[in-house]
Amino acid sequence: MTRARSLPGPTLPACADVAALAAYGSPLLQVLGEPAPLQAGSGGEGLVAALARIALALQASDPARLRRQESWWGRLLGRDVARQAQAQELQSQLGVLVLQAREQAQGLAQRVQQRAQTIIDNNAAAAALEAWATFGAAQLASLEGAAQTALAPRVDHLQRLATLRRIESGQWQLLQEQDEALLQRFVRIHDVLLPAWRQAALAGQAQAQAAQAAQAATLQAQIDDEVAAAQARLP
């Protein structure tokens, strides 16, 4: 279970020390350090690519659908044929593709968990910065001259840092929601849709085999009839 770390609460120096007021908030800033960098991607690209390969592999048994996905020009250039060949190759590796998708999902789930802690820490940091800024702003009226001049910029700086942390948390949260939705899609594909497809595919194969067996039996009967007719002509 993730939870925020303990952060120091706001305090003013015992006396109106201008140098100390100019460093107001330093105890908190020293604990916080630099915020975690926001990565350009959410980290789910690998899982999306793995699911796309699975989807293409499943389409190997439906060439008409693959042809419809290509434009007229693409079909003219033979892209549908190339895509069909790729789908058939991938379908032969379906077990490996599923394993790769599962590994990608596990890695993404770990990143989601780590990011959840980052969001909690960022929100806690923002709240602490806001508390220091609010407390310091409340003391400004009781200070005069150089003391007030020293404290005011620090209060403004802490408030701006708090706002920045809130913005960063919002950006992290957007990525979190996107990746959580992606993981839910993976679960539906992996746990529900893919097993159902396999069952349907096996049923379809069984039906195809039965049809082939019936056709073979018909052909065998026709051959038997021909052989029997040929035998009847013998003296």
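What follows is a set of questions and answers on a predicted model.

Residues are numbered from 1 along each chain as its sequence is written. Local features need pLDDT of at least 70, side-chain atom pairs count only at pLDDT 80 or more, and totals for chains, interfaces and linings use all residues, while side-chain values use heavy atoms, with hydrogens and water left out.

Me: What pLDDT does the chain average?
Reply: pLDDT is the predictor's confidence in each residue, from 0 to 100. At least 70 is scored by 66% of the residues. The average for the chain is 78.

Me: Over which residues is the pLDDT below 50?
Reply: Contact means heavy atoms within 4.5 Å. The stretch in question has zero contacts in the model beyond near neighbours in sequence. It covers residues 223-235.

Me: How many helices and how many strands does the chain have?
Reply: Helices (H or I, at least four residues) and strands (E, at least two) are DSSP runs, numbered from the N terminus. From that end, the elements run α-α-α-α-α-α-α-α. The count is eight helices and zero strands.

Me: What percentage of the 235 residues is buried?
Reply: Buried means under 20% relative accessible area, exposed over 50%, and partly exposed in between (1.4 Å probe, protein chains only). By that rule, the buried part of the chain is 27%.

Me: What area does the chain expose?
Reply: Accessible areas come from the Shrake-Rupley method with a 1.4 Å probe; for residues, only the protein chains shown count as cover. Carbon and sulfur atoms supply 57% of the exposed area. The total is about 14700 Å².

Me: What share of the contacts with a separation of 6 or more joins residues 24 or more positions apart?
Reply: The base is the set of contacts in the chain with a separation of 6 or more. Within that set, residues 24 or more positions apart account for 83%.

Me: What does the salt bridge between Arg115 and Asp179 tie together?
Reply: A salt bridge is a side-chain nitrogen of Lys or Arg within 4 Å of a carboxyl oxygen of Asp or Glu. The closest N and O atoms of Arg115 and Asp179 are 3.0 Å apart. Arg115 lies in helix α7 (residues 94-139) and Asp179 in helix α8 (residues 145-232), so the pair ties together parts that are 64 residues apart in sequence.

Me: Are Arg115 and Asp179 buried or exposed?
Reply: The two residues form a salt bridge. Both Arg115 and Asp179 are buried.

Me: Which residue meets Arg166 in a salt bridge?
Reply: The N to O distance is 3.1 Å. Arg166 is in helix α8 and its partner in helix α7, 36 residues apart. Arg166 is partly exposed at 35% relative accessibility, and its partner is partly exposed at 25%. The partner is Glu130.

Me: How many residues apart are Arg160 and Asp156?
Reply: Arg160 and Asp156 form a salt bridge with closest N and O atoms 3.0 Å apart. Arg160 is partly exposed at 49%, and Asp156 is partly exposed at 42%. Both lie in helix α8, about one turn of the helix between them; the separation is four residues.

Me: Why is the pair of Tyr24 and Trp132 tilted?
Reply: Rings of Phe, Tyr and Trp (its six-membered ring) pair if their centres lie within 6.5 Å; planes under 30 degrees apart count as stacked, over 60 as edge-to-face and the rest as tilted. A search of the whole structure finds one aromatic pair. The rings of Tyr24 and Trp132 have centres 5.1 Å apart and planes at 55°, so the pair is tilted.

Me: Where do Tyr24 and Trp132 lie?
Reply: Both residues are buried. The pair ties together parts 108 residues apart in sequence, because Tyr24 lies in the loop between α1 (18-22) and α2 (26-32) and Trp132 in helix α7.

Me: Which residues are in contact with Asn122, leaving aside neighbours within four places in sequence?
Reply: Asn122 lies in helix α7. Its relative accessibility is 2%, so Asn122 counts as buried. The contacts are Pro35, Arg165, Glu168, Ser169 and Trp172.

Me: What distance separates the C-alpha atoms of Ala150 and Ala19?
Reply: Ala150 is in helix α8 and is buried at 13% relative accessibility. Leaving aside neighbours within four places in sequence, Ala150 is in contact with Val18, Leu21 and Ala22. Ala150 and Ala19 are 131 residues apart along the chain, and their C-alpha atoms are separated by 7.6 Å.
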